[in-house]
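Trainee: I should like to request a close look at a single part of this structure. Please take it strand by strand where that helps.

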Amino acid sequence: MPGERYLLKTATLAIAGQDGQARPVTKYSVRLLGSSTELIPLGAVVRVIDGPLHGNRLVDVEWDGKTVMMFTTDIRERCERLDDDAQISNAP
């Protein structure tokens, strides 16, 4: 559902489209056919931009200030939905 936030319970791959900027390839990203893959780390929070999350398709999510695409299956199976008022703790 658009606007819902999810906490990743395991690191998950996402696809970032090219935006015309030359972004460096880091140990967490790989360039592939004009796009790059991003490894979204355990504990990251993503916000769904479009939806719904049923079926096996790619949806846009916002993560770390950028828009990436994730498979709906990964969101359903590897994430936990956060309540609107949920606070994320970065404490170890």
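Which residues of β6 form its covered face, and which form the uncovered one?

Mentor: The model is a predicted one, and the description that follows should be read in that light. In β6, the covered face consists of Val59, Val61 and Trp63, whereas Leu58, Asp60 and Glu62 make up the uncovered face.

The pairing of this strand can be taken next. On one side, β5 and β6 pair in the antiparallel sense over two bridges, and Val48 has Val61 as its bridge partner in β6. β6 and β7 also run antiparallel, and six bridges join them. Within that pairing, Trp63 has Lys66 as its bridge partner in β7. The two strands β6 and β7 form a hairpin with two residues between them. In the turn, Asp64 has a positive phi of about 55 degrees.

Val61 deserves separate attention. Leaving aside neighbours within four places in sequence, Val61 is in contact with Val46, Arg47, Val48 and Ile49, with Lys66, Thr67, Val68 and Met70, and with Ile75. Val61 also belongs to the largest nonpolar core, which has 16 residues. Tyr6, Ile40, Val46, Val61, Val68, Met70 and Ile75 are the members that touch the most others in this core. Two or more residues of the core come from each of β1 (5-8), β2 (12-17), β5 (45-48), β6 (58-63) and β7 (66-71). The largest share, three residues, is given by β6.

One residue of β2 can be set beside this account. Thr12 is found in strand β2 and counts as buried because its relative accessibility is 1%, where buried means under 20%. A polar atom of the Thr12 side chain lies 3.0 Å from the backbone oxygen of Thr10. Not counting residues up to four places away in sequence, Thr12 touches Glu38, Leu39, Ile40, Met70, Asp74 and Arg78. Among these contacts of Thr12 are Ile40 and Met70, both of which are also named among the core members that touch the most others.

A residue of β8 may be considered last. Glu80 lies in strand β8, residues 79-82, and is partly exposed, with a relative accessible area of 41%. Glu80 touches Arg5, Tyr6, Leu7 and Lys9, again not counting residues up to four places away in sequence. Glu80 and Leu8 are 72 residues apart in sequence, yet their C-alpha atoms are 6.5 Å apart in space.

Notes:
Residues are numbered from 1 along each chain as its sequence is written. This is a predicted model: local features need pLDDT of at least 70, side-chain atom pairs count only at pLDDT 80 or more; totals for chains, interfaces and linings use all residues. Side-chain values use heavy atoms; hydrogens and water are left out. A nonpolar core is a set of buried Ala, Val, Leu, Ile, Met, Phe, Trp, Tyr and Cys residues joined through side-chain atoms within 4.5 Å. Buried means under 20% relative accessible area, exposed over 50%, partly exposed in between (1.4 Å probe, protein chains only). Helices (H or I, at least four residues) and strands (E, at least two) are DSSP runs, numbered from the N terminus. Contact means heavy atoms within 4.5 Å. Two strands pair if DSSP finds at least two bridges between them. A polar contact is a pair of N or O atoms within 3.5 Å; within protein, one must be able to donate a hydrogen and the other to accept it, and residues adjacent in sequence count only if both atoms are side-chain atoms.
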